[in-house]
Amino acid sequence: MRAANPLFAPETLRRVEPLLQTLRDIAAEVGAQPAQVALAWLIALPGVVAIPGASSVAQLEFNVAAADIELTPQARDA
């Protein structure tokens with residue numbers, strides 16, 4: 001499925017690499033995974049309700065842990 005989706009084409013992934021690296025850097029600073037930082041960023045936005053999916057209890061716990069991440073204003077604006 002991903003092979004046919006242009007969002008996962010190599011040139012697209014190269015263009016978003018700086019964003020991915022920012023997520024990795026912030027994740028390293030706060031001791032979390034990049035996906036958790038992305039969820040924490042969404043949760044911090046006013047008027048936004050994040051509804052991540054989970055297919056296991058472990059994924060649910062992983063997602064819920066994002067609510068405990070406090071991003072600095074600089075991290076939120078990065």
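This passage walks through a predicted model of a single chain, from its overall make-up to its core, its surface and a few individual residues.

The overall picture is a good place to begin. The chain has 78 residues, of which 19% are buried. Its secondary structure consists of 4 helices and 0 strands, and read from the N terminus the elements follow the order α-α-α-α. Along the principal axes, the C-alpha atoms occupy a box of roughly 35 × 30 × 25 Å. The accessible surface amounts to about 5,900 Å², and carbon and sulfur atoms account for 61% of that area. Contacts in the chain also reach along the sequence: of those between residues at least 6 apart, 51% link residues at least 24 apart.

How confident is the prediction, and where do the extremes lie? The mean pLDDT of the chain is 91, and 100% of the residues reach at least 70. Helix α3, residues 57–65, has the highest confidence, with a mean of 95, while helix α4, residues 73–77, has the lowest, with a mean of 87.

Attention can now turn to the interior. The largest nonpolar core contains 9 residues, namely L23, I26, A27, A32, V37, A40, I69, L71 and A75. Two elements supply two or more residues each: α1, spanning 10–30, and α2, spanning 34–44. Of the elements, α1 contributes the most, with 3 residues.

Several members of this core can be followed one by one, and V37 makes a helpful starting point. V37 sits in helix α2. Its relative accessibility is 2%, so V37 counts as buried, the cut-off being under 20%. Apart from neighbours within four places in sequence, V37 is in contact with L23, I26, A27, V30, A32, I69 and L71. One of these partners, L23, is 14 residues from V37 in sequence, and their C-alpha atoms are 6.7 Å apart.

Another core member, I26, touches V37, L71, A75 and A78 when residues up to four places away in sequence are set aside. A75, which appears among these partners of I26, belongs to helix α4. A75 counts as buried because its relative accessibility is 12%. What distance separates the C-alpha atoms of A75 and T22? Although these two residues are 53 positions apart along the chain, their C-alpha atoms are separated by 8.9 Å.

Not every buried residue examined here is one of the core members. Q36 is located in helix α2, and with a relative accessibility of 9% it counts as buried. Beyond residues up to four places away in sequence, Q36 touches F62, A65, A66 and I69. The last of these, I69, is also in the list of core residues and among the contacts of V37.

A further case is T12, in helix α1. Is T12 buried or exposed? At 14% relative accessibility, T12 counts as buried. Its contacts, with residues up to four places away in sequence left out, are P6 and L7.

L7 leads on to the surface of the model. Together with F8, L13, V16, L19 and L20, L7 forms a nonpolar surface patch, and the accessible area of these residues adds up to about 500 Å². V16, one of the patch residues, lies in helix α1. With a relative accessibility of 32%, V16 counts as partly exposed. L7 thus appears in two settings, as a contact of T12 and as part of the nonpolar patch.

Charged side chains complete the description. How many salt bridges does the structure hold? The structure holds 1 salt bridge. It joins the side chains of E17 and R24, with an N to O distance of 2.7 Å. E17 has a relative accessibility of 32% and counts as partly exposed. R24 also counts as partly exposed, at 36% relative accessibility.

Methods:
Residues are numbered from 1 along each chain as its sequence is written. This is a predicted model: local features need pLDDT of at least 70, side-chain atom pairs count only at pLDDT 80 or more; totals for chains, interfaces and linings use all residues. Side-chain values use heavy atoms; hydrogens and water are left out. A nonpolar core is a set of buried Ala, Val, Leu, Ile, Met, Phe, Trp, Tyr and Cys residues joined through side-chain atoms within 4.5 Å. Buried means under 20% relative accessible area, exposed over 50%, partly exposed in between (1.4 Å probe, protein chains only). Contact means heavy atoms within 4.5 Å. pLDDT is the predictor's confidence in each residue, from 0 to 100. Patches are made of residues with over 30% relative accessible area and no salt bridge: like charges are joined within 9 Å, nonpolar side chains (Val, Leu, Ile, Met, Phe, Trp, Tyr) within 5 Å. Accessible areas come from the Shrake-Rupley method with a 1.4 Å probe; for residues, only the protein chains shown count as cover. A salt bridge is a side-chain nitrogen of Lys or Arg within 4 Å of a carboxyl oxygen of Asp or Glu.
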